[in-house]
Amino acid sequence: MRPIVHCHLVNGPFGDPSLYAEIMFERRAMLFDLGDLSPLSPRKLLRVSHAFVSHAHMDHFAGFDRLLRVLLGREKTVAMYGPADFIDRIEHKLHAYTWNVIGNYDGNLIFDVSEVHDGGIVWSARFQSRHAFRREPMPEARIEGDVLASCGALQVRCAVLDHATPCLGFALEERAHVNIWKTRLDELGLEVGPWLGALKRALLQDAPDDTPIRALRRSDEGVTPVTLPLGALRALATVVAGQKIAYVVDARDHVANVARIERLAWRADVLFIECTFLLADAAHAMRKNHLTAHRAGLIARHAQVKRLAPCHFSTRYAERGDVLSEEAQRAFQGLGPTA
Ligand SMILES: [Zn+2]
């Protein structure tokens with residue numbers, strides 16, 4: 001499978017949290033948390049269409065100013081998502097500046113800001129530079145399942161976690177897709193055409209084998225329509241599960257949080273998860289409302305993720321990041337906490 005999303009931690013595991021997710025072939029990107037964004041070039045920031053903020057502790061949110069600075073004057077809309085009170089926080093940030101001449105700018109910069117409340121209620125507001133970033137209320141919505149945002153082939157799901165303040169975990173998912181084998185089409189004497197779209201839809205919906213599909217047959221007389229049962233066409237295609245990337249930071253280590261994270265991250269290709277403290281410092285981790293590396297590894301194991309990407313290390317372990325990674329990876333592999 002050719003991955004359509006490439007991710008990297010903007011500041012490595014020790015720096016302020018921020019994950020840059022580049023959507024290949026679309027010149028577009030998403031950000032998960034807005035820690036220090038200064039390592040990202042303006043070109044990269046200009047690609048950001050969506051920004052998801054787990055919570056507004058400063059290390060996760062201080063980069064908003066950098067994003068604003070680079071995008072200002074551009075004709076651009078950024079969809080932003082965060083937990084309860086997020087709209088107020090964006091408003092406060094925007095209103096820290098003087099906008100008396102912003103109306104003269106050509107480009108209109110728009111932030112469509114949504115905050116997630118318990119029960120899946122989402123409040124939204126628009127801030128646009130043309131109106132000096134005055135708050136414009138948008139209709140209230142309700143999340144379908146746990147899908148917070150959909151964009152093309154991608155969707156972002158969220159879970160509300162407890163960090164002694166609401167903190168959102170996120171999962172970026174590509175919907176399943178269908179690959180058609182051209183060689184098998186040739187073997188069956190079938191011609192490519194718009195009918196393959198109907199075939200793909202039927203396969204993704206897991207339709208029964210007797211579902212009729214209007215195909216195109218190639219013969220000496222030319223190309224003629226033919227109706228075939230879906231069952232006869234299954235061998236033409238492979239259904240490929242989409243890519244899934246989960247991002248979880250800042251959560252207390254308790255049963256409810258762990259269950260929510262495991263559900264969110266279920267069978268992800270990669271789970272970026274905070275490994276803030278060592279198990280030996282579990283009491284401190286509890287006081288600070290963070291996971292230990294050991295717990296993060298266990299969560300990744302139980303969620304059956306393919307790869308664990310430890311992040312958000314406490315600076316108390318500077319120069320010793322490998323110890324945190326090792327503790328997490330050992331738990332992930334089902335080994336004990338110490339070597
Ligand atoms: Zn944090």
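This passage describes the sheets, the helices and the zinc site of a predicted model.

Eight strands make up one open sheet. Their order is S1-S2-S3-S4-S5-S6-S7-S8, and the pairing is mixed. Strand S1 (5–9) and strand S8 (135–142) stand at the edges. Each has a single partner strand, so one side of each lacks a neighbour in the sheet. From one strand to the next, the twist averages 20°.

Within this sheet, strand S5 (residues 76–83) pairs with strand S6 (residues 109–116). The two are parallel and share eight bridges. Lys76 has Leu109 in S6 as its bridge partner. Two helices lie against these strands. Helix H4 (residues 86–94) packs on the sheet and touches S5, S6, strand S7 (121–128) and S8. The direction of H4 makes about 150° with that of S6. Helix H3 (residues 64–71) lies across strand S4 (48–52), S5 and S6. H3 runs at about 150° to S6.

Another open sheet is formed by six strands, in the order S9-S10-S11-S16-S17-S18. Its pairing is mixed. S9 and S18 are the edge strands, each with a single partner strand, so one side of each is left without a neighbour in the sheet. Neighbouring strands of this sheet are turned by 15° against each other on average, direction ignored.

Strand S10 (residues 154–162) is largely enclosed by the rest of the structure, because seven of its nine residues are buried. S10 takes part in two hairpins, and these are described in turn. Strand S9 (residues 147–151) pairs with S10 in the antiparallel sense, over four bridges. Here Ser150 stands opposite Gln155 in S10. Two residues lie between the strands of the S9 and S10 hairpin. Gly152 in this hairpin takes a positive phi near 60°. On to the next pair: S10 is joined to strand S11 (residues 166–174) by nine bridges, and these strands run antiparallel. Cys158 stands opposite Phe170 in S11. The hairpin of S10 and S11 has three residues between the strands. In its turn, Ala164 has a positive phi of about 65°.

Farther along the chain, strand S17 (residues 270–274) and S18 run parallel, joined by five bridges. The bridge partner of Leu271 in S18 is Leu308. Helices also lie across this sheet. H8 lies across S10, S11, S16 and S17, and runs at about 175° to S10. H10 lies across S17 and S18, and runs at about 155° to S17.

Helix H10 (residues 293–302) also meets H11. The two axes come within 7 Å and cross at roughly 35°. The crossing of H10 and H11 is right-handed. On the H10 side, the contact is made by Ala293, His294, Gly297, Leu298, Ala300 and Arg301. On the H11 side, it is made by Leu324, Glu327, Ala328, Ala331 and Phe332.

The model also holds a zinc ion. His60 (NE2) and His312 (NE2) coordinate the ion, together with two OD atoms of Asp250. The distances are 2.1 to 2.8 Å. Angles among the four donor atoms are 51 to 121°. The site is therefore irregular, since a tetrahedral one needs all angles between 85 and 135 degrees, and a square planar one needs opposite donors over 155 degrees apart. Along the chain, the donors follow the spacing H-x189-D-x61-H. Asp250 and His312 link distant parts of the chain, 62 residues apart. Asp250 is in the loop between strand S16 (244–248) and helix H8 (255–265). His312 is in the loop between strand S18 (307–311) and helix H11 (321–332). Asp250 and His312 are both buried.

A further histidine, His284, is located in helix H9 (residues 282–287). His284 counts as buried because its relative accessible area is 18%, and the cut-off for buried is under 20%. Leaving aside neighbours within four places in sequence, His284 is in contact with Phe277 and Arg316.

Methods: Residues are numbered from 1 along each chain as its sequence is written. This is a predicted model: local features need pLDDT of at least 70, side-chain atom pairs count only at pLDDT 80 or more; totals for chains, interfaces and linings use all residues. Side-chain values use heavy atoms; hydrogens and water are left out. Donors are N, O and S atoms within 2.8 Å of the metal (3.2 Å for Na, K and Ca); water is not among the atoms, so sites may look incomplete. Four donors count as tetrahedral if all angles lie between 85 and 135 degrees; four count as square planar and six as octahedral if opposite donors are over 155 degrees apart and all others between 65 and 115; anything else is irregular. Buried means under 20% relative accessible area, exposed over 50%, partly exposed in between (1.4 Å probe, protein chains only). Contact means heavy atoms within 4.5 Å. Two strands pair if DSSP finds at least two bridges between them. Axes are lines fitted to C-alpha atoms, for helices over the stretch in contact, and angles run from 0 to 180 degrees between N-to-C directions. A crossing is left-handed if the near helix is turned anticlockwise from the far one by less than a right angle, and right-handed if clockwise.
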